[in-house]
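Student: I would like a close look at a single part of this structure, with its strands taken one at a time. Please then go on to the charged pairs and a few single residues.

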Amino acid sequence: MLRLAVALTVCVLASVGGAAEPPLARAQALAKRCLELQGQVKLLAAKKTADEALALAEKALGKDHADLVPFIDSAARLSQSTGDLATARRLFARTLAIVKRTKGLASDDVARALQMVGLIDWQRGSSTVAEPLLLEGLAIYEKNHGTDDSIYVASYLEMLGAFYRVKYDLGKAERAHLRVLAMREKKSGKDATELVGPLYSLAWVHLTRGDHVGAEPYLQRIIAIYDKHPEQAETATATFLDQLADTYERQARVKDAAVLWARSEAVLLRLLASAEKDPGPNRWKLPFALESLAAHFQRRKLPEKALPYLYRSMAERESQGNPLSLVGPLMSIAAAEDAAGRPAKAIPLYERAGMLQKAAFGGVAATGPDLMMARSLERLGDFRRAKAALERAVKEFERMYGVRHPMIGGLVASLSAVAWADGDPKRAYEHLRRAIELVEPQIALVLATGLEADRRAYLDSVAYQVDQVVAEALAFGTRELAELTLTTVLRRKGRLLDAMADTMGRIRGRLATKSDQKLFESLQEARGRLSRLVLAGPGQDDPAEYQREVAALESQIKALEVEIGERNADFKTETTPVTPAAVRAALPRDGVLIEFISTKKLSPKNRLEPMDSQPRRYAAMVLGPAGPIGTPVDLGDAEPLEKRVAELRLALSDPSHDPKAAARALDEALMRPIRARLGSSRRLFLSPDAALNVVPFGALIDENGQYLVQRYVMSYVTSGRDLLRKRANGGRHGAVIIANPDFDGGNAPKAPAGPELASASRRRSQGYGSLRWSPLPGTADEVKAIGKVLPKATALTGNDATEAALKALHGPRVLHIATHGFFLPDPKNAAQREENPLLRSGLCLSGANALRGGGDEDGVLTALEAAGLDLQGTALVVLSACESGLGDVRAGDGVYGLSRALVIAGAEGLVLSLWQVDDTATRDLMIRFYRRLAANVDRADALREAQISLLASEDRSHPYYWAAFVPSGLPGTVSFE
């Protein structure tokens, strides 16, 4: 910042030339004085002086003279530095208007002015206003300097990449930084230190997504570059070694991390020893080396080791007579003392740092110490002073950024937490409501475009608000906090799924142009190739080459998704905020919504600890057709509840096991605490979360020994928000049944018979590691029986039951698929965990045994490919396959598997299974289900009645046979006409 200000002031002196009039001569003198003040880091005085210089220059030159620009820019940048963003924006806009008039619309000066105006808009939270300005500036530079190796374009792209990173549009950020990297490689070679900037930016993109495996090669390459240029940056080498060590630890590669931590420490100790031997003109190196070593220990969460170096550094800097240089050590010492459990020692250090910064920069600089000090005060229980520190920070941020900037949301949430800890429910509610309202528009903006991973990263960054509102509602039990909790859960839960479905639907609605069609087809084709490649595995090929091919396809898919997002940037994911009142109005008269919530178990004592170390709990919100919204129901700690879920699923997996004890135990923990709020309602809309997504609620047993399927009609929804979705207008085609595929694919070479358990041969699921999928003879009878109920249905069986035929469908009214399904659990290998979870579940069709399904298909439809099916207008999809409802279980967004993929594809209602299903029992269940549907019975009622009929039979009464299938989606009947 200082170097930039110096350059600007010099620019003022050079551009104006000799003093023609006294006011201009005085302006020049003030510009020189401004330079001196900036050198002394007296920015408030420098700003005042720059304003005076501008006023005198205006008096001499007029308001719009071209020579006025350096004076305007100097005043603008100092306004920006001291937090007066409104003034800075107004001044930079003046510069833009002048240079457009005097230099032409396509000059570099216009590009620079556009950049500055855009950056101020960005700082003030107006990214939608900033982006077109920044892109206009880039276009000017590219036109003037080319797009391949221009230093101007590369620098601009670096800034643009940073803009997109903060905006959480990480796909665009990645693309910008890759362009910069290519430019600098072309100019300076593969091993130049100029590459470090874009390489680290690319690593940061992956780290923001939580993709530590993806960040690793960029960090390794940076270290390799510095190893070839050790004279340039030993401390930088240590910093990146630490960063890579941290990524290894997050991948549970503890030994690899330890090696890097040790190497980094050795580098920094050598640097310190060298600095201690040189007390001469390079004395500045000593505090720098001390602080670098302290930072290393702080990154390792070893504050006691960091503190001696920090205290030495502060003493050294005090002896050098530059008060402002003490701010860094003061803040670091305070943070280390707090981390070591001594918050009382941290507070005066933060206060001193704040006073030093405020003297130089104004209020803007004091916000950091205030925010950190508030945490220490909160740990001490001094809530009055903590509140005052936070209020000062909020006030300063509001002055700089305006009262609606989403950045303020985190500060206001902290104010709510202080009120919570102080036992003030009214203030806790008011602050938290404001915090949530500040973030909501930003969520809608991020979800409107971008990659799925980027959207998820942003939602993860604001997930603490759900945890906090649930915790405060449970703590205080007030009506206001209860309503805020339900409102927040309804708006946030499953939000990513809605955004993906909305985007896919809008894309299909815009496929009128050939370019849109080609783009969408390219995306589907790339996803198909990635699915085939991953399912086939490396085989006899070179594993490294296989990984490169996978990475290349993933990069291609990212680029296509970014382009699709750009073409749909004018659409918003939501137009009307979701409210409990709107959801209540959509409930049937006898319906009740149960929103289950997996959340961090926050308290005033543990709130300041790292979120990933917090214990989890489950809670539930109940919304009926009338009456006040009740406080959340606390369902207890997650671990014992999830243990009961696992015990029930184990008991249901084999009909020889008695599931009643497990079913009663889970009901006691999960449903009995809720039952009193259900009243006489018998129609439940269940919105599970996390591990509860795999619970067959109908198989639970109540305190009267009755299965819940006998007591309630249950439908699963991702969120109560689903009840507000518009119903489909009806499919474009009739019913389609795909069943009994020839897994050997007719003329395809038969795969060798692999190990196959006889007891599992008739189950409609097998692990994909099995070499051969066995026939399912019951599905042939299923097709015939359903065909009698749906005589106009199109049936695709045997060699006709292909992946290509399924992909060619366009909006069938009903889609029934009876085949093997698979779900591959989350792999244990850390590198594999980054694989798209939609590649680990799917359906097997004709040719699946040989991975030859005709044409370019392999006979296996993964969930990733299923997301691209055209199911707009499809009222019902029935997957008469095993484990079709499973996938990666993620809190807040349901299950990442086939069910999620089919919703994205446009399906209105689903029936899916939660475990491996008996072939003949499934056939019987499906026949009864369709007969009830044909009698115009609601989807959920029809499935329930079919399940009860099996429950009443002698040989199918065990829930293994009937409870696996669950209905999800909107209620309603299905017309087959």
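Tutor: What follows starts with a group of paired strands and then turns to charged side chains and some residues in helices and loops.

The model is a predicted one. The part to begin with is strand β15, which covers residues 909-913. Five of the five residues of β15 are buried, so this strand is largely enclosed by the rest of the structure. Its side chains can be sorted by direction. Gly-909, Val-911 and Ser-913 point one way, Leu-910 and Leu-912 point the other way, and all are buried.

Strand β15 has β16 as a partner, and the two pair in the antiparallel sense over five bridges. Two of the facing positions can be named. Leu-910 stands opposite Ser-968 in β16, and Val-911 stands opposite Pro-967 in β16. Strand β16 runs over residues 965-969, and five of its five residues are buried, so β16 too is largely enclosed by the rest of the structure. Both of its faces are covered: Phe-965, Pro-967 and Gly-969 lie on one side, Val-966 and Ser-968 lie on the other, and all of them are buried.

Strand β15 is also joined to β12, residues 876-879. These two strands run parallel and are linked by two bridges. Here Val-877 has Leu-910 of β15 as its bridge partner. Leu-910 therefore appears twice in this account, as the partner of Val-877 and as the residue opposite Ser-968, within a strand that is largely enclosed because five of its five residues are buried.

Next come the charged side chains. Side chains of opposite charge can pair when their charged atoms come close. The count for this model comes to 65 salt bridges. One of them links Arg-434 with Glu-398, with the closest N and O atoms 2.8 Å apart. Arg-434 lies in helix α21 (residues 425-448) and Glu-398 in helix α19 (residues 383-401), so the pair ties together parts that are 36 residues apart in sequence. Arg-434 is partly exposed, with a relative accessible area of 26%, and Glu-398 is partly exposed at 22%.

Another salt bridge stays inside one helix. Asp-460 pairs with Arg-456, and the closest N and O atoms are 4.0 Å apart. Both residues belong to helix α22 (residues 452-461); because they are four residues apart, about one helical turn separates them. Asp-460 is partly exposed at 49% relative accessible area, whereas Arg-456 is buried at 14%.

Helix α34 (residues 803-807) has a pair with that kind of spacing: Glu-803 and Lys-807 are four residues apart, so about one helical turn lies between them. Their side chains meet in a salt bridge of 3.1 Å, N to O. Glu-803 is buried, with a relative accessible area of 0%, while Lys-807 is partly exposed at 26%.

Salt bridges can also be followed through a group of residues. Arg-664, Asp-667, Glu-668, Arg-672, Arg-675 and Glu-703 are linked in a network of salt bridges.

Charge appears on the surface as well. Lys-784, Lys-788, Arg-928 and Arg-931 form a positive surface patch. Helices α33 (777-789) and α37 (919-934) each supply at least two residues of this patch. Arg-928 lies in helix α37 and is partly exposed, with a relative accessible area of 30%.

Three single residues remain. Leu-708 is found in helix α32, residues 708-711, and is buried, with a relative accessible area of 0%. Its C-alpha atom is 6.8 Å from that of Phe-697, although the two residues are eleven apart along the chain.

The loop between β4 (683-687) and α32 contains Ala-690. Ala-690 is not a glycine, yet it has a positive phi of about 50°. Ala-690 is buried, with a relative accessible area of 6%.

Lys-301 sits in the loop between α14 (285-299) and α15 (303-320). Lys-301 has a positive phi of about 60°, and it is not a glycine either. Its relative accessible area is 64%, so Lys-301 counts as exposed.

Key. Residues are numbered from 1 along each chain as its sequence is written. This is a predicted model: local features need pLDDT of at least 70, side-chain atom pairs count only at pLDDT 80 or more; totals for chains, interfaces and linings use all residues. Side-chain values use heavy atoms; hydrogens and water are left out. Buried means under 20% relative accessible area, exposed over 50%, partly exposed in between (1.4 Å probe, protein chains only). Two strands pair if DSSP finds at least two bridges between them. Patches are made of residues with over 30% relative accessible area and no salt bridge: like charges are joined within 9 Å, nonpolar side chains (Val, Leu, Ile, Met, Phe, Trp, Tyr) within 5 Å. Accessible areas come from the Shrake-Rupley method with a 1.4 Å probe; for residues, only the protein chains shown count as cover. Lys and Arg count as positive and Asp and Glu as negative; His and the chain ends are not counted. The place of a charge is taken as NZ of Lys, CZ of Arg, CG of Asp or CD of Glu.
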